[in-house]
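Me: Please take a close look at a single part of this structure, namely one pair of facing residues, and then describe how the surrounding parts are arranged. I would be grateful for one connected account suited to a first-year student.

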Amino acid sequence: MPSKRCGFFRLATSVLLIFSITLLSACAPASSNQAVSKQPTAVVEITPPDQPTIEVRADSLGSTLAGDQVAREYNKPSTLMLQGTALQFKVTVPKEAEFTFSFDVATPATADAPEAELRIDQGFPVSSLQRLVFPVFYRNISSTFPKDRYGNDALIRQERDVRWTKVAVEDANFSQPYPIRVKLSAGEHRFDLTLTRGAMYVGSIYLTPFMPYPDYSQYLAAQSATDTSGIVLTLEAENLSYKDNTAVRPTNSRSVTVTPYDTYKLLLNTLGGESWGDSGTTAYYEFNVPQAGLYEISFRTLQNTRSNFTVFRRLLINGTVPFAQFNAVAFPYSGDWIDVHAGGDTPYKVFLHQGINVLGIEATNAPYLPAIETIQKALIDINTLALEIKKLTGNQRDPFKEWVISEYIPDIKDRLNTIAQNLIDDKDTLLSYNQSGASPESQTYQTAIDNLQFLASDPDKIPIYMSRFSEGSGSAAQLLGSLLPLLQDQPLGIDKIYVHSADSVPQTPSVSFFTTLGEDFKRFLNSFQSDPYVSLAAADDELEVWVNRPRQYVDLLQLMVDESFTPNTGIRVKFSIMPDEAKLILANAGGIQPDVALGVSTNLPYELAVRNALYDLRSFPDFDSFINIYSPGALLGYIINDSVYAIPETQDFWVTFYRKDIFDSLGLPVPHTWTEVLQILPELQRYGMNYGTPLSTSTTGGSGQKFYLATAPFLLNYGADLYSEGGFATGLQSDQAIAAVKFMAECFTIYGMPLTTASFYESFRYGTLPIGVSNVETYIKLLTAAPELGGLWNIDLYPATVLPDGKQNRYSTGSAQTSIMFKDTDKAEEGWQFLKWWMSTETQTEFQERLVLNYGKEYLWNSANIEAFSKLDIPDEHKAIILEQWKWLQEPVRLPGSYMQERELSNVWNTIVFDGTNARVAIDRSVTIINREITRKMEEFGYLKDGVRVREIKIPTIDTVKKWMADAKQ
């Protein structure tokens, strides 16, 4: 079967290898410093010295062979490896040489993407062997794009494509031009392949001496085939056969030169663009060649995402890179669609056999690897030097204090100049690929060099110019750090692929200026028509649903409703995109509100419900039994007395993120309580690092207001009640609340945690905050946008607060988005049926699977349905931590005037931290303000009259919701 670079493994010299192979089973993956125990071996002798590829078949492993459907599709014996199993083999090498390794593998349809580590002689001679990523393939379930109800193309549903392929052992970032090479001395060597994630079938194993790809001239001279004539095969790029990453997806282009084209409808007529940039991601095309011979390959492409930046693609023919030039084909920046010939003005010719051939187009950043590695080394050198400077200065930045840094670090000037010179040398490499003009990337590169040269001119001034060295958005470290992902990303859009004879070069028909002008004018006139996706009008027999999400989500939701919900229930649903959820309040006031709204922020349902705008969902008789899919604490913010006015749709999680590599190098344990956090802080701060909390993050705290999601966990974990006197007064005056607020402030005033963090993700990535509490946003970024941290980070539970009696609390919030129904709807039963269908385990599971399959891991759906979330395609160990933390989920209860308590709690923290006010004094001031506002709001909503209680209010608890759930089961 076709695969990446399987043709690379050609033997140029005679080799005699003796293999002894054993399949080992383990309960868990062995650690990097732990060898797999030796087991009895089965010896296979390979005697032909001129055999081009040394192969060890699975039936020589002495293990149970797989016999299911997947195994039968492989024409040789195979075995199934599960997570934790290890494959051991020994090799006797007669002569020292560099070797590469490859495996025939297939991934089960339901398994996670397999990852493994390969030890050689019980160690890792190459660090890349610590994490190997094996491919998972996907394909369309149909050959034609489905239409949505407005006649526009929708994405075809994806499914896992279980296929056998020969996979070379490569670095996890797929940045190297060749597979991993390991120099083996003459003699016996032991190999241990341990599967650390997922499952995969393994067939034969191959060991091959390394040989570079031949030059094109050598390749062409070796071909006996002749040129073909008069043949042009046109492949529409959006109609790919299969791929190894769901982020590679069809997109729409409005260009008149793109095919297919429609003036008014949105057609998915191109592939890729911004979504196809990760190195190693590949699209495969199967096509039928009528005559064997030499062919040229041309493309209709667009790269306008990055100005004056050249991107690269590796071209594979039937699973092989035929010659060196196809290992990285350049595609230049262009403002419009252009024709690109593989080989430029003198196109390369490649041999294709008669019948089905496979073209693989793989994104690769290998040409930029020297610059990437130089930047990575520069960042390490800068951070190391910055740490040495901080140890001397105590992190002081007094501009009037003179430092003589050069006396304590004599070689500082040479070190700075060396970093700068290395960057200057590699800048030429960057410019050689982008000769059309100065790209933003090269300008950023030069700015970082200028900063380093400025500092090298007078190193003693570095302490007051740390903002140009290692800290701040304009520092050399931050500039280089921002440049890394830009060089690693290789975005490219493709409209068509031509496989053609040398005498039949395809030419895209020219489109006249007047034709283009006419099409633009038609679309301009059409823009005055109402957009059906944002239209607020639904037919009388339709349930009207507004969705506060981007169009990709709405398109998929409408498709799923039309496929299953409407046919099964007869209820037609009209979705509209809600660009601003503030319109809900205005729409309700104007009497044009929808029946149902999805994706509503967690703070809105209470404000609408207390004003009698929402439908009491608990009035439906099956509500209590339905909510068993949720964490009980997730509902607390939507309850008023015994009524519930919203149900959670998505759910956040707050967990501890930590860098395994940094903690291992420092020999620090991962803290599980706040007490343990404080114990490791001095060691972290000694090295210029710290602990990140939501209180310092710009989105949840930072220099602005500290919202409940950052402050409430401290109160809840200290056992403090948010309210007293039955909800008619604040609970901040209690001893538990005062202790919680004091600790919340002392984390910064005494223990020195960072007051502000522009981005925990970036700080975590660069190692300045190697541990901290963050949420799903950070999790998705680390999964999808930080390939260099693969296998170097993990998550753990939110730190527990240890009470005097030894009890440990680790409550955290989890507010995200909700679903609501408006009170004035005339389709309450239909709306409730829709909400139950939408939040059901079956629907949520399908929705999250289709989102990821259609758009990639960036669209990970964190469903509030715990059963559905448990089926999400993320590592099992991460899933277990998140599900365990959700057992401690507790949303703050909202009552009239509670917004003032949220605000004043933030003010108390700011007053203590920035003004040095005594905690009790600051709290007493705020208690007066909060109680005054609560009293005013209780009067407004009819709970007080002239200061006298006329209605009681029930304060819900987790036990309240648990009782509802338990009673429904009886």
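**A facing pair and its surroundings**

Reply: In strand E26, Ile497 is the residue that stands opposite Leu235. The model examined here is a predicted one. Leu235 belongs to strand E15, which spans residues 232–236. E15 and strand E26 (residues 492–500) run antiparallel and are joined by five bridges.

The two faces of E15 are not alike. Leu233 and Leu235 make up its covered face, whereas Val232, Thr234 and Glu236 make up the uncovered one. In soluble globular proteins, nonpolar side chains tend to be buried together. Ile497, the partner of Leu235, is a member of a nonpolar core of 78 residues. Val248, Trp276 and Ile494 are also among the members of that core.

The largest nonpolar core is a separate one. It has 130 residues, and Phe575, Leu598 and Phe834 touch the most other members. Helix H17 (residues 735–749) makes the greatest contribution to this core, with nine residues. Leaving aside residues up to four places away in sequence, Phe834 touches Leu543, Val545, Val561, Phe565, Val573, Phe575, Val596 and Leu598.

Several of these contacts lead to a sheet. Leu543 and Val545, both touched by Phe834, lie within strand E27 (residues 542–547). E27 runs parallel to strand E28, to which six bridges join it. Across this pairing, Glu544 stands opposite Lys574 in E28. The two strands belong to an open sheet of five strands with mixed pairing, in the order E28-E27-E29-E41-E32. Its edges are formed by strand E28 (572–577) and strand E32 (647–648); each has a single partner strand, so one side of each has no neighbour in the sheet.

Phe575 also leads to an internal space, as it is one of the residues that line the largest cavity. The other lining residues are Asp148, Tyr150, Tyr533, Val554, Asp555, Gln558 and Leu559. This cavity has a volume of about 70 Å³, and the model holds six cavities of 30 Å³ or more. Helix H10 (residues 551–569) provides the largest share of the lining, namely four residues. By class, five lining residues are nonpolar, one is polar and two are charged.

A second open sheet, of four strands, has mixed pairing as well, and its order is E34-E37-E33-E38. Here strand E34 (691–692) and strand E38 (793–796) stand at the edges; each has a single partner strand, so one side of each is left without a neighbour in the sheet. Strand E33 (residues 655–659) pairs with E38 in the antiparallel sense over four bridges. In this pairing, Tyr658 stands opposite Asn794 in E38.

An open space may be set beside the enclosed one. The second largest pocket has a volume of about 1,000 Å³. Its lining consists of 39 residues, of which Ser601, Asp652, Ser815, Ala816 and Gln817 are the closest to the centre. Helix H12 (604–609), helix H16 (708–717), helix H19 (776–785) and helix H24 (898–915) each supply at least two residues of this lining. H24 gives the largest share, with four residues. By class, the lining of this pocket has 17 nonpolar, 13 polar and nine charged residues.

Two individual residues complete the account. Lys879 is found in helix H23 (residues 876–886). Its relative accessibility is 10%, so Lys879 counts as buried, the limit for that class being under 20%. Beyond residues up to four places away in sequence, Lys879 touches Phe869, Ser870, Lys871, Leu872 and Ile874. Phe869 is ten residues from Lys879 along the chain, and their C-alpha atoms are separated by 8.3 Å.

Arg686 lies in helix H15 (residues 674–686). Its relative accessibility is 49%, so Arg686 counts as partly exposed; exposed would require over 50%. Arg686 touches Leu387 and Lys391, when residues up to four places away in sequence are not counted. From Gly151, Arg686 is 535 residues away in sequence and 62 Å away in space, C-alpha to C-alpha.

Key:
Residues numbered from 1 in each chain as written. Predicted model: local features only at pLDDT ≥ 70, side-chain atom pairs only at ≥ 80, totals over all residues. Heavy atoms only, no water. 1 Å grid on protein atoms, 1.4 Å probe; cavity = no way out; pocket = protein on both sides within 12 Å on 5 of 7 lines; lining within 4 Å. Points joined across faces, edges and corners; volume = space filled by probe spheres on them. Nonpolar A, V, L, I, M, F, W, Y, C, P; charged D, E, K, R; others polar. Core = buried A, V, L, I, M, F, W, Y, C linked by side-chain atoms within 4.5 Å. Buried < 20%, exposed > 50% of the residue type's maximum accessible area, 1.4 Å probe, protein only. Contact = heavy atoms within 4.5 Å. Pairing = 2+ DSSP bridges.
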